[in-house]
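Work through the following exercises with the sequence and the coordinates at hand, and try each task before reading its solution.

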Amino acid sequence: MNSFLKNLGILMIVLGTVVLVLSYVCNWLDYNWPNGLALLAIIAGIIVHIIMNKKIQD
């Protein structure tokens, strides 16, 4: 479980990039919701990654 929580931020960042790639492949470039979802996932992933690594390090 500790390993999963340690990698949760990275998984969220990868999920955001997958959403961006899928929106390009599926030609959803005219819609804002995939880009917004990807942006939220990437920002949340960065924050979670920083917080979890700081907690594990302490």
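**Exercise 1. Determine which residues form the nonpolar surface patch, and how much accessible area they have together.**

Solution. In this predicted model, the patch on the surface is made of Ile10, Val14, Val18 and Leu22, which together have about 300 Å² of accessible area. To see how one member fits, take Val18, which lies in helix 1. Its relative accessibility is 38%, so Val18 counts as partly exposed, and a patch residue needs over 30% relative accessible area. As for the spacing, an α-helix has 3.6 residues a turn, so residues three or four places apart point the same way.

**Exercise 2. Compare the span of helix 2 with the expected one, then find which of its residues are buried and what they pack against.**

Solution. Begin with the length: helix 2 covers residues 33–57, 25 residues in all, and its first and last C-alpha atoms are 36 Å apart, close to the 36 Å expected at 1.5 Å a residue. Next, look for residues under 20% relative accessible area, the cut-off for buried; in helix 2 these include Pro34, Ala38, Ala41, Gly45 and Met52. Finally, follow their contacts, which show that the buried residues of helix 2 pack against helix 1, residues 2–25.

**Exercise 3. Classify Ile46 as buried, partly exposed or exposed, and give the separation of its C-alpha atom from that of Ser23.**

Solution. Ile46 is placed in helix 2, and its relative accessible area is 40%, so Ile46 is partly exposed. Along the chain Ile46 and Ser23 are 23 residues apart, and in space their C-alpha atoms are separated by 21 Å.

**Exercise 4. Describe the backbone and the exposure of Asn27.**

Solution. First locate Asn27, which is found in the loop between helix 1 and helix 2. Its phi is near 60°, a positive value in a residue other than glycine. With a relative accessible area of 56%, Asn27 is exposed, since the cut-off for that class is over 50%.

**Exercise 5. Establish how many aromatic pairs the structure holds, and decide whether the rings of Trp28 and Trp33 are stacked, tilted or edge-to-face.**

Solution. The structure holds one aromatic pair. The ring centres of Trp28 and Trp33 are 5.5 Å apart and their planes lie at 40°, so the pair is tilted; planes under 30 degrees apart would count as stacked and those over 60 as edge-to-face. The last step concerns exposure: Trp28, at a relative accessible area of 33%, is partly exposed, whereas Trp33, at 53%, counts as exposed.

Technical notes: Residues numbered from 1 in each chain as written. Predicted model: local features only at pLDDT ≥ 70, side-chain atom pairs only at ≥ 80, totals over all residues. Heavy atoms only, no water. Helix = DSSP H or I, 4+ residues; strand = E, 2+ residues; numbered from the N terminus. Expected span 1.5 Å × (residues − 1). Buried < 20%, exposed > 50% of the residue type's maximum accessible area, 1.4 Å probe, protein only. Contact = heavy atoms within 4.5 Å. Phe/Tyr/Trp six-rings, centres within 6.5 Å; stacked < 30°, edge-to-face > 60°. Patch = residues over 30% accessible without salt bridge, like charges linked within 9 Å, V, L, I, M, F, W, Y side chains within 5 Å. Areas by Shrake-Rupley, 256 points an atom, 1.4 Å probe, with all protein chains shown as cover. Salt bridge = Lys/Arg side-chain N within 4 Å of Asp/Glu carboxyl O.
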